Amino acid sequence: MPTISTQGVGWDLSDATRSDAALRRFLHGLPGVDQVGAEARAAALGTRSIKTTAKAQALDLAIRMVDLTTLEGQDTPGKVRALASKAMRPDPTDPTCPATAAVCVYPDLVGVAKETLTDGGRRDSGVNIAAVATAFPSGRAALDIKLADTADAVEAGADEIDMVIDRGAFLSGRYLQVFEEIVAVREACTQGERSAHLKVIFETGELQTYDNVRRASWLAMMAGAHFIKTSTGKVQPAATLPVTMIMLEAVRDWREATGQMVGVKPAGGIRTTKDAIKYLVMVNEVAGPDWLDPDWFRFGASTLLNDLLMQRTKMRTGRYSGPDYVTLD
Amino acid sequence: MSKDRIDVRKTYKLFIGGAFPRSESGYSYVVNDHKGAFVANAALASRKDARDAVVAARKAFPSWSGRTAYNRAQVLYRVAEVMEDRRPQFVQAVQQSEGLSGSKAEGVVDAAVDRLVWYAGWADKLAQVVGNANPVAGPFFNLSTPEPTGVVAVLAPQRSSLLGLVSVLAPVVVSGNTAVLVSSYERPLPAVNLAEVLATSDVPGGVINILTGSAATVAPWLASHMDVNAIDLTGAAGDTALAAELEVAAADNLKRVRRAPAAEPDWTLDPGLEPMTAFLEIKTVWHPMGV
Amino acid sequence: MSIFEYAPAPESRAVVDIKESYGLFVNGEFTPGGGASFKTVNPATEEVLAEVAEADAADVDRAVKAARKAYDKVWGPMPGRERAKYLYRIARIIQERSRELAVLESIDNGKPIKESRDVDVPTVAAHFFYYAGWADKLEHSGYGTTPIGVAGQVIPWNFPLLMLAWKVAPALACGNTVVLKPAETTPLTALLFAEICQQADLPPGVVNILTGAGETGRAIVEHPGVDKVAFTGSTEVGKAIARAVAGTDKRVTLELGGKAANIVFDDAPMDQAVEGIVNGIFFNQGHVCCAGSRLLVQESVAEEVLERLKRRMGTLRVGDPLDKNTDVGAINSAGQLARIRELSDIGEAEGAERWSAPCELPTSGYWFAPTLFTGVSQAHRIAREEIFGPVLSVLTFRTPSEAVEKANNTPYGLSAGIWTEKGSRILEVAGQLRAGVVWANTFNKFDPTSPFGGYKESGYGREGGRHGLAAYLKGGQA
């Protein structure tokens with residue numbers, strides 16, 4: 001567990017995790033979220049109009065924030081190699097087009113991704129490898145299996161681990177169990193010399209309420225998450241603007257309380273440039289411009305990238321592009 | 001009653017805050033019956049009596065308006081019960097005041113008691129009849145409910161000394177307002193009798209305050225009083241100059257004004273809702289609906 | 001890259017066609033006015049937009065006669081279902097011309113296009129749509145079916161078109177005809193509405209629009225041919241109207257000023273409460289009669305709320321009303337700006353501490369940065385007087401009863417806000433507040449079905465909903 005400064009907060013955060021009861025009191029003592037008000041605020045931010053230079057900046061930033069993802073049973077080494085190539089050079093016709101932040105794959109394909117991204121170890125593309133671990137997507141496995149899953153991925157070269165929380169435990173109020181599991185996975189993210197960043201997935205579509213999302217956010221941050229992430233992409237609804245806003249408020253308040261920054265990753269369901277820009281506006285106005293960086297904000301997405309590329313081409317050429325002019329993967 | 005016995009006469013006083021003070025001014029005026037024979041000296045309310053009555057009514061407002069509607073209904077019903085119990089006294093007062101035959105006066109008292117019963121029943125139905133659930137286009141619970149306006153000054157009709165009196169008083173208090181009533185100048189005795197009924201029923205002190213005397217003298221003070229929320233000018237019926245003057249004064253704090261009719265209405269008619277809704281405020285409360 | 005600046009995103013002005021001069025709309029036609037004309041300006045730039053006719057007493061007489069004739073001959077006798085169809089038509093044309101109306105409103109008023117586009121104009125259309133449906137159902141209103149006659153209506157500059165809708169739609173639905181005067185600083189959308197009436201083939205004289213200032217308004221109110229007066233504006237003028245109609249048979253509804261308390265308890269949903277405070281006082285530049293201009297915050301969370309509030313105020317974008325990203329637009333007039341400045345200066349002089357959001361204000365036009373005052377007590381003028389601008393007075397309380405006492409300690413009683421997650425407290429406090437509209441865990445919400453109006457010196461009568469019909473039917477409240 002990371003050192004938590006309690007400066008400026010009314011709560012003693014280390015006390016909060018002393019027992020299940022204490023943790024429960026703390027999480028339920030967080031200010032509530034009014035669903036209607038939160039959704040109205042998120043919708044209002046969505047009406048910002050981002051044009052011309054701002055849009056051009058936003059497009060490149062969004063591309064740099066993409067965790068280009070494939071998480072299918074039918075994934076193969078070939079598919080992952082193609083994905084990794086695309087992540088490094090999203091637009092082969094335009095060398096000014098930035099690379100994505102990472103590719104996101106199942107643990108067994110980390111090695112394949114690494115091979116492609118490092119050109120067999122010869123160079124560093126700058127594109128990270130994120131692996132979903134801990135019995136993704138349901139999280140229904142024994143802790144030692146989850147830890148082994150994590151350790152395998154890190155050893156295979158993952159730079160980032162996207163773990164899922166035990167929603168069953170969370171929803172039945174066993175917060176301390178969820179907390180301890182995150183702490184354990186975070187420890188497993190360090191294997192010898194290698195240390196991966198930890199993203200904690202809440203599967204907000206299963207948590208249902210914004211109050212739960214806020215509590216999960218604080219729980220994960222207290223347990224040492226580097227990033228908090230909305231969804232696996234396997235449950236509907238996945239990422240939404242209001243859910244992401246609640247998480248952005250949480251990381252903002254966490255920094256106020258502890259001085260530490262935590263990143264946010266909406267994942268699943270973000271398919272268009274228009275949507276992506278709404279998220280960036282929200283990051284800017286809710287958490288603040290410090291979070292407008294791939295180190296602190298990511299999009300978990302697959303089809304989003306091509307829409308961003310088409311918009312980018314449109315901005316450059318003045319013509320609308322079409323799917324035939326961007327690469328499939 | 002022995003012929004030799006000298007009867008004990010009643011002193012007719014004001015009714016303020018549940019007590020029966022004489023006028024602060026010490027003045028009284030002669031009340032005659034319809035034939036001009038002396039009946040009594042009534043207290044002549046002064047502006048200071050009006051002021052005291054407003055203070056009493058304001059003090060009584062939070063608790064009266066905060067009671068359950070069911071409770072207010074029972075309190076008003078109790079007033080009707082006690083009035084019924086004192087029928088002969090009211091019949092005599094109405095006869096003296098209005099010069100009616102015994103049977104007609106009885107009819108007036110019956111109607112007045114029945115009207116009180118009718119209004120008593122409205123206490124817990126008004127909100128259902130004049131309130132609304134509003135289907136706003138959004139995830140909000142939205143409810144409009146009536147609330148009492150506050151302290152209401154009432155100029156009781158000059159002619160109909162009991163039925164008219166009850167017909168302007170009951171609709172004001174049934175919804176939770178408190179009242180400062182100025183009785184008929186020439187026919188004040190049924191109002192004083194009513195005050196005595198109120199004092200012996202369950203109406204809390206200050207909810208209804210009754211001033212006998214001249215509307216022309218007292219009403220301007222009530223109309224301009226900044227702690228009075230509304231005024232019923234029925235008692236100024238036919239006196240357009242006084243009514244207009246009072247309405248102008250009432251604008252100082254935007255009192256709700258129930259205007260004086262050109263002539264006193266036929267009090268036997270169904271009053272409808274208007275005498276009550278004239279002294280209601282509609283409050284609309286919004287709340288989001290979410291999880 | 002660390003800063004994500006928004007490039008200007010201006011809404012196009014091409015959609016509106018502002019004429020050099022405008023006449024009065026009487027009996028279905030535009031006609032010259034007898035008074036001197038006046039200029040309407042864009043408050044964001046001080047650019048003169050148009051020359052507008054001023055109606056004199058003879059014009060008022062002409063308009064009232066036209067309204068009377070239309071009432072007697074056409075609109076009064078017309079079956080409700082036919083009146084309804086005219087109102088539906090108007091609602092549809094407003095939707096069709098919504099962008100034009102929004103842009104014109106923002107140009108003439110100074111409000112952000114975001115608000116005129118997303119709030120004002122859609123609500124205007126909805127209002128006509130709602131009351132259209134009442135026209136042939138009045139027997140279910142509870143107020144009878146008999147209209148009152150000719151309605152004289154005087155409206156303010158803060159929501160020019162929306163206030164027009166609040167006045168015209170129920171009046172027409174009930175079978176009345178109207179003579180309406182828009183505010184002198186914002187006449188243009190009312191004049192465009194006159195064109196919409198023409199497009200809808202509304203019979204001549206049913207709607208008459210007279211532009212002008214206070215004298216024109218007075219002439220309408222005092223005209224003996226006017227049966228019903230409806231006014232939205234200042235409490236001072238409202239009182240003058242109440243005096244003017246004393247002793248007449250004219251019926252009156254008044255929607256006047258306010259000094260609403262927005263009460264934040266320590267268990268409030270904090271982020272939404274901050275949004276609600278911001279929306280409560282900075283929406284429409286604070287030119288809102290029901291604005292939450294007094295923040296009553298529980299002492300235990302006052303510091304935290306203020307920190308969050310200031311941070312949020314720092315993200316408000318003040319500037320060009322036609323920029324789609326503008327949150328706070330221009331103050332409507334030089335006169336209003338002077339009043340806001342005067343009261344703010346008084347606030348400082350009385351010892352309250354002033355803080356304004358750091359923002360660059362344009363050099364021409366009328367502007368005032370979103371501002372809050374702390375250390376305010378009930379005795380301060382800025383806690384008692386309506387400022388009608390983007391200025392928030394912050395007060396604290398310790399207990400629910402103290403909050404209620406302070407909230408009610410004002411001659412006004414239009415609206416109030418409550419923020420707490422405790423349901424029973426909401427219901428209890430809402431019941432205690434002497435205000436016509438109580439927003440719990442929300443603020444500044446409006447809907448055609450929801451009655452709006454004040455207690456005490458905030459006026460009388462309700463606009464909106466079934467209750468809004470009472471003002472325009474004989475069987476409604478006087």
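This short talk goes through a structure from its overall scores, through its domains and chain contacts, down to a few strands and helices of chain C.

What we are looking at is a predicted model, and as a whole the model scores ipTM 0.97 and pTM 0.96. For chain C, where we will spend most of our time, the average pLDDT is 97, and 99% of the residues score at least 70.

Let me begin with how chain C is divided. Domain 1 is made of two stretches, 21-256 and 456-472, while domain 2 covers 261-440. The centres of these two domains of chain C, taken over C-alpha atoms, are separated by 30 Å. Where the two meet, 21 residues of domain 1 of chain C are in contact with 26 residues of domain 2 of chain C. On the domain 1 side of that contact, helix H3 (98-109) and helix H4 (113-134) of chain C each supply at least two residues, and by class this side has 7 nonpolar, 7 polar and 7 charged residues.

Now to the contacts between chains, starting with chains A and B. Here 5 residues of chain B are in contact with 5 residues of chain A, and the chain B side of this contact divides into 4 nonpolar, 1 polar and no charged residues.

Turning to chains B and C, the contact takes 30 residues from chain B and 33 residues from chain C. On the chain B side, the elements that give two or more residues are strand S4 (140-148), helix H9 (240-250), strand S9 (256-258) and strand S10 (280-288) of chain B. Which of these elements gives the most to the side of chain B that touches chain C? That is S10(B), with 8 residues. Taken by class, the side of chain B that touches chain C has 14 nonpolar, 9 polar and 7 charged residues.

S10(B) also pairs across to the other chain, since 3 bridges join S10(B) to strand S17 (residues 437-440) of chain C, and the two strands run parallel. To find one such pairing in the view, look for B:Trp286, whose bridge partner in S17(C) is C:Trp439.

For the rest of the talk, I will stay inside chain C, around strand S7 (residues 177-181). Are the residues of this strand mostly covered or left open? S7(C) is mostly covered, with 5 of its 5 residues buried, and this holds for both faces, with C:Thr177, C:Val179 and C:Lys181 on one side and C:Val178 and C:Leu180 on the other.

S7(C) has strand neighbours that we can take in turn. Strand S6 (residues 150-154) of chain C is joined to S7(C) by 5 bridges, and the two run parallel, with C:Val150 having C:Thr177 as its bridge partner in S7(C). Between these strands, the chain crosses from S6(C) through helix H5 (residues 160-173) of chain C to S7(C), in a β-α-β crossover that is right-handed. Then 3 bridges join S7(C) to strand S8 (residues 207-209) of chain C, again in parallel, and C:Val178 stands opposite C:Val207 in S8(C). S7(C), helix H6 (residues 188-199) of chain C and S8(C) likewise make a right-handed β-α-β unit.

Finally, consider helix H7 (residues 214-222) of chain C, in which C:Thr216, C:Gly217, C:Ala219, C:Ile220 and C:Val221 are buried. The buried residues of H7(C) pack against several elements of chain C, among them S6 and S7, which we have just met, and also helix H1 (57-75), strand S9 (228-232) and helix H8 (235-244).

Conventions
Residues numbered from 1 in each chain as written. Chains lettered and ligands numbered in written order. Predicted model: local features only at pLDDT ≥ 70, side-chain atom pairs only at ≥ 80, totals over all residues. Domains from an automatic or database assignment. Contact = placed C-beta atoms within 7 Å. Helix = DSSP H or I, 4+ residues; strand = E, 2+ residues; numbered from the N terminus. Nonpolar A, V, L, I, M, F, W, Y, C, P; charged D, E, K, R; others polar. pLDDT = per-residue confidence, 0-100. Pairing = 2+ DSSP bridges. Buried ≥ 20, exposed ≤ 12 C-beta atoms within 10 Å, placed from the backbone. Right-handed = clockwise from strand over helix to strand, strands pointing away.
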